[in-house]
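Reader: I should like to go through this model by question and answer, beginning with its helices and ending with its strands. Please give the reasoning behind each reply.

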Amino acid sequence: MSYGGGVTPASATRTEQVYGMLRSDLLNGVLHPGQKLRMAGLTERFGASQSVIREALTRLTEQGLLVAVPQRGFRVRDLSIQDITELTESRVQIESLAMRLAIERGDLQWETGILAAHHRLERTPVIRDDGTVSDDWSVQHRDFHQALLTGCSNRRLESVANSLRDSAELYRRWYWVLTDDHQRDLAREHRELKEFALARDADRAIDVLTEHIDRAPSLLIAYAREHGVDDLTPPAPPRPVQRF
């Protein structure tokens, strides 16, 4: 692998490390919505150069997790009710269309992929010992939803659906940290999605999918309205609980 522009393998590796740790902080609520990220503090924390820190921050900005403010550096993306609403509406419409087409067009390979992805998801713990969401579970969750839609046989539609789901990841993690949804049975929701898809029951599958997509944003919006979008300080990380 070659590195241009004076970037060495060592600095690239260090950037990956800083990027990974900052991304984990963002997705697990360690960094709060709207929080400013100060270069001096980050260089001291990571023992890295400003160029390494800036490269990591730029990557996170490109993914929509941070916002670059001219002459003022970087900050965590704000919690925006309008953005959550628009993103959720887009996801429901796009994923519902892809799901209906997948149920119409999906073959045996599609069915097998759903079963395998659901099996892995069911056997991956949601919560780690420190009370945060497991990154392994997030990967299996993503793969399961991709498996449901891949049968639509429309790569552009799949790409849009996957991109929208990725955009919702930060909000989904804030939902875990900021809201109190101990009664949710995610395992049941995923099981029903699997069963209705394999039964070729598009209407019921889409009903479950719509509720599945909408629940976290609805609770997050309720939290934002209760506390004010400019006053979002998450509580201490939750203790491990049996939520699902």
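Reader: Which residues are exposed on the other side of α2, away from its buried residues?

Author: The model is a predicted one. In helix α2 (residues 39-46), the buried residues are M39, L42, T43 and F46. Seen down the axis of α2, these fall within an arc of 100°, so they line one face of the helix. On the other side of α2, the exposed residues are A40 and E44.

Reader: Which residue follows α2, and what is the sign of its phi?

Author: Helix α2 comprises residues 39-46. The residue that follows α2 has a phi near 60°, a positive value, and is G47.

Reader: How far apart are the end C-alpha atoms of helix α7, and what span should its 13 residues have?

Author: Helix α7 covers residues 155-167. At 1.5 Å a residue, its 13 residues should span 18 Å, and this agrees with the model, in which the end C-alpha atoms are separated by 18 Å.

Reader: Over what arc around the axis do the buried residues of α7 lie?

Author: L157, E158, A161, N162, L164 and R165 are the buried residues of α7. Their placement on the same side of α7 follows because they cover an arc of only 160°.

Reader: What covers the buried residues of α7, and which residues on its other side are exposed?

Author: The cover over the buried residues of α7 includes α4 (81-105), α6 (135-149) and α8 (169-178). On the other side of α7, the exposed residues are R155 and R156.

Reader: Which residue caps the N-terminal end of α7?

Author: A side-chain oxygen lies 3.2 Å from the backbone nitrogen of R156. That oxygen belongs to the residue capping the N-terminal end of α7, namely N154.

Reader: Is E95 buried or exposed, and what is its relative accessible area?

Author: E95 lies in helix α4. Leaving aside neighbours within four places in sequence, E95 is in contact with H145, L149, A161, R165, L209 and I213. The C-alpha atoms of E95 and L149 are 7.5 Å apart, although 54 residues separate the two along the chain. E95 is buried, and its relative accessible area is 1%.

Reader: Which residue meets the side chain of E95 in a salt bridge?

Author: The partner is four residues away in helix α4, which means that about one helical turn separates R91 from E95. Both E95 and R91 are buried. The side chains meet with an N to O distance of 3.0 Å, and the partner of E95 is R91.

Reader: How many residues apart in sequence are the parts that the pair R200 and E111 ties together?

Author: R200 and E111 form a salt bridge whose closest N and O atoms are 2.8 Å apart. R200 lies in the loop between α9 (186-198) and α10 (202-227) and E111 in helix α5 (residues 108-122), so the parts tied together are 89 residues apart in sequence.

Reader: What are the relative accessible areas of R200 and E111?

Author: A residue counts as partly exposed between the limits of 20% and 50%. E111 falls in that class, at 23%. R200 is also partly exposed, with a relative accessible area of 32%.

Reader: Which residues are joined into one network by salt bridges that share partners?

Author: A search of the whole structure finds 16 salt bridges. One of them links R123 with E122, the closest N and O atoms being 3.4 Å apart; R123 counts as exposed at 55%, and E122 as partly exposed at 44%. Salt bridges that share partners make one network of R128, D135, E169, R172 and R173.

Reader: Which strands stand at the edges of the open sheet?

Author: Three strands form the sheet in the order β1-β3-β2, with antiparallel pairing. Each edge strand has a single partner strand, so one side of each is left without a neighbour in the sheet; these strands are β1 and β2.

Reader: Over how many bridges does β2 pair with β3, and which residue of their hairpin takes a positive phi?

Author: Strand β2 (residues 66-69) and β3 pair in the antiparallel sense over four bridges, and the partner of L66 in β3 is V76. The hairpin of β2 and β3 has three residues between the strands, and the residue with a positive phi, near 70°, is Q71.

Reader: Which residue of β3 is the bridge partner of L37?

Author: Strand β1 (residues 36-37) pairs with strand β3 (residues 73-76) in the antiparallel sense, over two bridges. In β3, the bridge partner of L37 is F74.

Definitions and conventions. Residues are numbered from 1 along each chain as its sequence is written. This is a predicted model: local features need pLDDT of at least 70, side-chain atom pairs count only at pLDDT 80 or more; totals for chains, interfaces and linings use all residues. Side-chain values use heavy atoms; hydrogens and water are left out. The expected span of a helix is 1.5 Å times one less than its number of residues. Buried means under 20% relative accessible area, exposed over 50%, partly exposed in between (1.4 Å probe, protein chains only). The arc is that of the directions from the helix axis to the C-beta atoms. Contact means heavy atoms within 4.5 Å. A polar contact is a pair of N or O atoms within 3.5 Å; within protein, one must be able to donate a hydrogen and the other to accept it, and residues adjacent in sequence count only if both atoms are side-chain atoms. A salt bridge is a side-chain nitrogen of Lys or Arg within 4 Å of a carboxyl oxygen of Asp or Glu. Two strands pair if DSSP finds at least two bridges between them.
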